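Thank you all for coming; I would like to take a few minutes to walk through one model with you. Please have a look at the sequence and the fold first, and then we will go through the sheets and the helices that pack on them.

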Amino acid sequence: MSIFDDIARENDQPRQEGEPLFSYLNKSSRPEAQRVRDLVDEWISEYPESHRDGLVARLRSDIDDHHQSAFFELFLHKFLRARGCKIIEIEPKLQHTNKSPDILVEAPTGERFYLEGVLASGRSNQETAAYARLNTALAAIDNVPSPNNFLSLTTEGLPTAPLSLKKLKRGVQSWIAGLPAGIAAKDAPPFSYEEHGCRVELRALPRSKPEEGARAMGMRNFPIAQITPHQEIRPGLKKKASRYGELDLPYVVAIDCLSMYHHEEGVTDALLGEPYVAITKLPDGSLKEEHLRRPDGIWYGPPNGQPQNTRMSAVLAFFRIDAWNFVTKTGLIIPNPWAAKPLPALNLGIAELTLENGTYQRSEGSTVGTLLSMPANWPEE
């Protein structure tokens with residue numbers, strides 16, 4: 001049985017602004033979408049039946065973070081088995097706490113370890129809920145008929161409560177109806193709507209020719225922001241670092257870094273501390289340059305730079321894994337130099353950092369698609 005709805009599918013358009021990931025995958029008629037649905041159904045059928053219902057409910061969630069988190073767990077279940085590991089138990093019970101890590105895994109060598117999955121979205125739970133409210137409003141705007149003009153969107157702030165969709169749509173409809181014809185629409189006063197701490201502004205961009213039934217929004221403008229990948233990745237890892245207390249086996253946290261700005265250095269900086277360069281003037285007038293790390297890492301941190309969270313044996317990092325886009329991605333294993341229970345060699349085929357003479361040495365690995373024997377252009381035919 002499929003986890004997707006048995007419905008007629010006629011939507012071959014790209015995903016709308018703010019449309020939930022599962023909702024689009026569920027109703028898209030694109031051949032690529034059907035291949036993704038078939039793959040998800042296949043992987044679900046291989047997942048332990050006793051824990052399947054909960055995972056399916058999260059996969060079907062309209063909250064993207066819940067959907068992506070569930071798919072990441074499904075992906076890890078498939079990936080580890082494909083690379084020779086055994087899944088001993090989902091949510092294994094621990095004697096000293098009622099909390100359970102995601103998976104108990106047995107490596108090809110016979111050694112076991114606990115694995116916990118987490119997302120790095122750079123958002124708190126409150127921000128995730130606020131973005132979901134904003135995306136609902138943007139989807140409503142995108143569905144307003146605008147055959148003569150594309151709409152250019154700018155937003156400020158996040159809504160603290162659901163926006164009044166009927167009022168918003170009526171305002172947009174009235175503004176579109178009052179736009180002048182042709183190129184003059186570009187210079188018309190913008191539409192502005194404010195509610196619950198969020199402001200939406202729209203400007204008109206004339207289409208080259210009228211398009212009935214076309215999506216309204218053609219451009220979205222984002223405010224300038226400072227990008228700090230390690231600070232966005234850090235909270236998810238920090239939350240999981242000591243979640244289960246003293247464990248009898250090595251403990252690995254697998255993280256899916258979702259932002260386009262997230263990269264391997266962001267993960268290592270989150271774990272070991274933010275890098276900086278210290279320049280000291282010596283008595284002879286020359287300058288001494290040292291490449292150091294601030295004592296703010298999860299594994300090496302305050303107050304003065306010392307090992308901490310030694311119960312976390314390693315991090316298994318992936319970047320932008322989702323149901324559509326994972327075959328071209330790569331992964332990275334980062335062992336904790338101070339781990340109380342070091343992780344045994346897994347030989348998963350992805351990139352690894354290994355410790356040699358107190359420093360990390362990187363070995364290259366293959367893409368996820370290669371390791372899962374999937375074509376590089378999947379889900380295209």
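Let me begin with a question: which residue in β16 does Leu-353 stand opposite? The residue is Arg-362, and the strands concerned are β15, residues 351–356, and β16, which run antiparallel and are joined by 5 bridges.

Before going further, I should say that this is a predicted model, in which local features need pLDDT of at least 70 and side-chain atom pairs count only at pLDDT 80 or more, while totals for chains, interfaces and linings use all residues. Residues are numbered from 1 along each chain as its sequence is written, and side-chain values use heavy atoms, with hydrogens and water left out.

As for the chain as a whole, its secondary structure comes to 9 helices and 16 strands, where helices (H or I, at least four residues) and strands (E, at least two) are DSSP runs numbered from the N terminus. Of the 381 residues, 45% count as buried, meaning under 20% relative accessible area with a 1.4 Å probe, protein chains only. The C-alpha atoms fill a box of roughly 70 × 70 × 40 Å, taken along the principal axes.

Now to the sheet that holds β15 and β16, which is an open one of 8 strands in the order β1-β2-β3-β8-β13-β14-β15-β16, with mixed pairing; two strands are taken to pair if DSSP finds at least two bridges between them. Its edge strands are β1 (86–90) and β16 (359–363), each of which pairs on one side only.

Helix α4, residues 64–82, packs on this sheet, touching β1, β2, β3, β8 and β13, and its direction makes about 150° with that of β3. Here a contact means heavy atoms within 4.5 Å, and the axes are lines fitted to C-alpha atoms, for helices over the stretch in contact, with angles running from 0 to 180 degrees between N-to-C directions. Helix α8 also packs on the sheet, touching β8, β13, β14, β15 and β16, and its direction makes about 150° with that of β13.

How many of the 9 residues of α8 are buried? The count is 8, so this helix, residues 264–272, is largely enclosed by the rest of the structure; among the buried residues are Val-267 and Leu-271. Just after α8, Gly-273 takes a positive phi of about 115°.

Those two helix residues lead us to Val-315, which is found in strand β13 and is buried, with a relative accessible area of 0%. Leaving aside neighbours within four places in sequence, the contacts of Val-315 include Val-267, Leu-271, Trp-299 and Leu-332. Val-315 and Leu-332 are 17 residues apart in sequence and 8.1 Å apart in space, C-alpha to C-alpha.

Let me turn finally to the other sheet I wanted to show, an open one of 4 strands in the order β5-β6-β4-β7, again with mixed pairing. Here β5 (191–195) and β7 (217–221) stand at the edges, each with a single partner strand, so one side of each is left without a neighbour in the sheet. The twist averages 20° from one strand to the next. Strands β5 and β6, residues 198–206, run antiparallel and are joined by 5 bridges, and Glu-194 stands opposite Arg-199 in β6. Helix α5, residues 125–142, packs on this sheet, touching β4, β6 and β7, while helix α6, residues 165–177, touches β4, β5 and β6.

Notes: Buried < 20%, exposed > 50% of the residue type's maximum accessible area, 1.4 Å probe, protein only.
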